[in-house]
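Work through the exercises below with the sequence and the 3D view side by side. Try each task before reading its solution.

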Amino acid sequence: MAAGEGATTRSLQETPTWAVAIVCFVIISLSILMEHLIHLISKWLKGHKKTALFEAIEKLRSVLMVLGFMSLVLTVAQSYISKICIPNRLANSMLPCRKSKFTKTTKALGYDQMWSDQLHERILAADTESSGYCNSKGMSSLISQNGANQLSIFLFVLAAMQIVYSVVTMGLGRAKMRRWKAWEKETQTVEYQAANDPNRFRFTRQTTFARRHINSCAETSILLWTKCFFQQFFNSVAKVDYLTLRHGFISTHLSTNSSFNFQKYIQRSLEDDFKVVVGISPFMWFIVVIFLLLDVHGWNVYLWVSFLPLTIVLVLGTKLQVIVVKMAHQVKDQNSVIRGAPLVQPNDNLFWFSHPKFVLTLLHYTLFMNAFEAAFFVWVTSQYGIKSCYHEYTGIIVVRMVLAVTVQVLCSYITLPLYALVTQMGSNFKSAALEEHTANAIKQWHAGVKQKQKKQRESSHLGNDSSNSNTTISMNLSSHHRTPTLSETSSFPRKTDQIVEEDREMQEEAGPAIECLP
């Protein structure tokens with residue numbers, strides 16, 4: 001067995017050159033292929049004016065760069081870290097597995113201090129020198145070189161799982177919101193405009209929106225939250241909710257622009273939010289450190305942590321439903337009779353801390369914690385097997401995985417559509433969600449207007465000078481009692497034609513910009 005271990009731990013000096021070349025070629029090829037694929041995706045997104053998704057790809061690159069630095073630091077410093085010696089008392093405290101059942105998992109993380117020859121045969125040759133260095137002092141290594149390598153793998157799996165979870169959540173959520181496109185087309189039909197005619201008077205309580213949300217259960221906070229908690233599971237975003245909130249958004253921010261495509265605006269807004277969700281903030285990495293610290297055998301911290309994403313998702317869905325109900329009550333309290341469609345009033349005060357973006361922050365951390373659960377399960381299973389000490393209790397593992405899948409489904413099909421619609425009811429709309437060519441057209445039109453105004457001010461000064469010269473000429477003409485001939489009159493500059501030309505140029509420049517407006 002020792003001979004087998006020696007054969008599997010050969011250095012590059014004892015490895016065939018063709019084996020080194022093949023491995024190096026495969027690694028370089030995969031890296032270049034991945035980089036080229038990301039470049040093609042970025043180029044396609046930029047060509048199709050998908051600015052928000054392009055920025056999300058750039059955020060993805062930054063995450064991969066951080067992972068590269070982490071891997072580099074661990075690779076360079078692992079030999080030095082493994083020679084950091086700590087007392088055996090500390091090395092045997094807060095272990096992730098039982099002390100009496102040391103497995104490959106705990107050994108690889110640098111916690112093995114068993115003195116039997118059988119266990120020492122399982123230690124890699126790379127760890128022999130550092131272990132002997134600390135053993136000679138009667139101490140233990142802080143973490144072995146093999147443990148540092150496995151920790152690097154875990155960080156990579158976590159980042160990859162966070163990206164996968166974010167993409168899957170956004171993809172499933174947008175698939176659920178496809179029917180909104182048909183609702184948006186319906187707003188341009190004659191039937192919809194007739195049903196919401198501004199000259200048509202109705203009692204507020206008789207509208208479909210009021211009948212859906214105003215009832216006796218909403219009179220107290222406890223009953224309201226209970227009703228909204230169960231309502232999110234059954235048709236969380238109804239057609240009447242979408243149409244009413246769309247009408248309130250357009251009336252507040254865009255006046256009478258009824259042709260505004262609210263569904264596309266929400267889609268661009270989600271793309272803008274995706275670049276936030278796909279990243280991993282420094283505080284999230286700090287949460288990873290806390291989770292790894294508290295993974296002590298017998299505490300079952302990960303079991304209780306797995307309930308946290310589910311709780312946040314359910315509370316978020318309930319809160320978003322409560323906001324819609326409160327807007328319905330505001331419409332009822334303001335007017336008992338309405339004209340046309342019910343008009344809700346977007347307001348930041350409806351959200352926690354008067355900050356609609358706080359909902360996105362909670363959603364981001366929920367996805368990250370759920371990704372941590374999945375990443376930890378994949379990492380442990382791939383590194384140590386399904387019967388590892390981390391999987392000591394099968395029931396706990398089943399519960400954690402069921403909760404992770406449940407959170408993913410709820411977040412994609414319930415919470416994300418609610419978030420996409422209800423968070424548009426803030427006091428301000430997201431200017432970043434405007435199409436790029438629309439924003440550029442507005443900027444160009446604004447710059448053109450400024451330039452025309454500058455030219456008009458300059459021409460006014462020239463006009464004053466020319467008026468003074470004309471006065472002098474008229475005095476000279478009057479003194480000589482001479483009338484200009486027809487040829488002399490035709491040679492004078494025709495300012496009327498110049499003004500007409502300038503007006504025509506200004507209309508031609510401003511026309512495309514106005515047509516690009518939503």
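**Exercise 1.** At 44% relative accessibility, does M94 count as buried, partly exposed or exposed, and why?

*Solution.* This is a predicted model, in which local features need pLDDT of at least 70 and side-chain atom pairs count only at pLDDT 80 or more, while totals for chains, interfaces and linings use all residues. Residues are numbered from 1 along each chain as its sequence is written, and side-chain values use heavy atoms, with hydrogens and water left out.
- Take the cut-offs: buried is under 20% relative accessible area, exposed is over 50%, and partly exposed lies in between (1.4 Å probe, protein chains only).
- M94 has 44% relative accessibility, so M94 counts as partly exposed.
- M94 sits in the loop between α4 (88–91) and α5 (104–108). Helices here are DSSP runs of H or I with at least four residues, strands are runs of E with at least two, and both are numbered from the N terminus.

**Exercise 2.** What is the sign of phi in M94 and in N300?

*Solution.*
- Most residues other than glycine have a negative phi.
- M94 is not a glycine, yet its phi is positive, about 55°.
- N300 also is a residue other than glycine, and its phi is positive, near 55°.
- N300 belongs to the loop between α15 (282–293) and α16 (301–305). At 34% relative accessibility, N300 counts as partly exposed.

**Exercise 3.** Compare the expected span of helix α14 with the distance between its end C-alpha atoms, then describe its cover.

*Solution.*
- The expected span is 1.5 Å times one less than the number of residues.
- Helix α14 (residues 262–277) has 16 residues and should span 22 Å; its end C-alpha atoms are 22 Å apart, which agrees.
- Of the 16 residues of α14, 12 are buried, so the helix is mostly covered. Among them are F262, Y265, I266, L270, F274 and V277.
- At the start of α14, a side-chain oxygen of N261 comes within 3.3 Å of the backbone nitrogen of Q263.

**Exercise 4.** How is α14 oriented to helix α13 (residues 239–253)?

*Solution.*
- Axes are lines fitted to C-alpha atoms, for helices over the stretch in contact, and angles run from 0 to 180 degrees between N-to-C directions.
- The axes of α13 and α14 are 11 Å apart, at an angle of about 85°.
- Angles under 35 degrees count as roughly parallel, over 145 as roughly antiparallel, 65 to 115 as roughly perpendicular and the rest as oblique. α13 and α14 are therefore roughly perpendicular to each other.
- Contact means heavy atoms within 4.5 Å. Y242, R246 and F249 of α13 meet F262, Q263, Y265 and I266 of α14.

**Exercise 5.** Where do α17 and α19 stand relative to each other?

*Solution.*
- The axes of helix α17 (residues 307–334) and helix α19 (residues 394–422) come within 9 Å and cross at roughly 20°.
- α17 and α19 are therefore roughly parallel to each other.
- The contact includes F307, L310 and L314 of α17 and V399, L403 and V407 of α19.

**Exercise 6.** Which residues does S152 touch, leaving aside its neighbours within four places in sequence?

*Solution.*
- S152 lies in helix α8 (residues 145–176).
- S152 has 17% relative accessibility and so counts as buried.
- Beyond those neighbours, S152 is in contact with S71 and L74.

How values were computed
A polar contact is a pair of N or O atoms within 3.5 Å; within protein, one must be able to donate a hydrogen and the other to accept it, and residues adjacent in sequence count only if both atoms are side-chain atoms.
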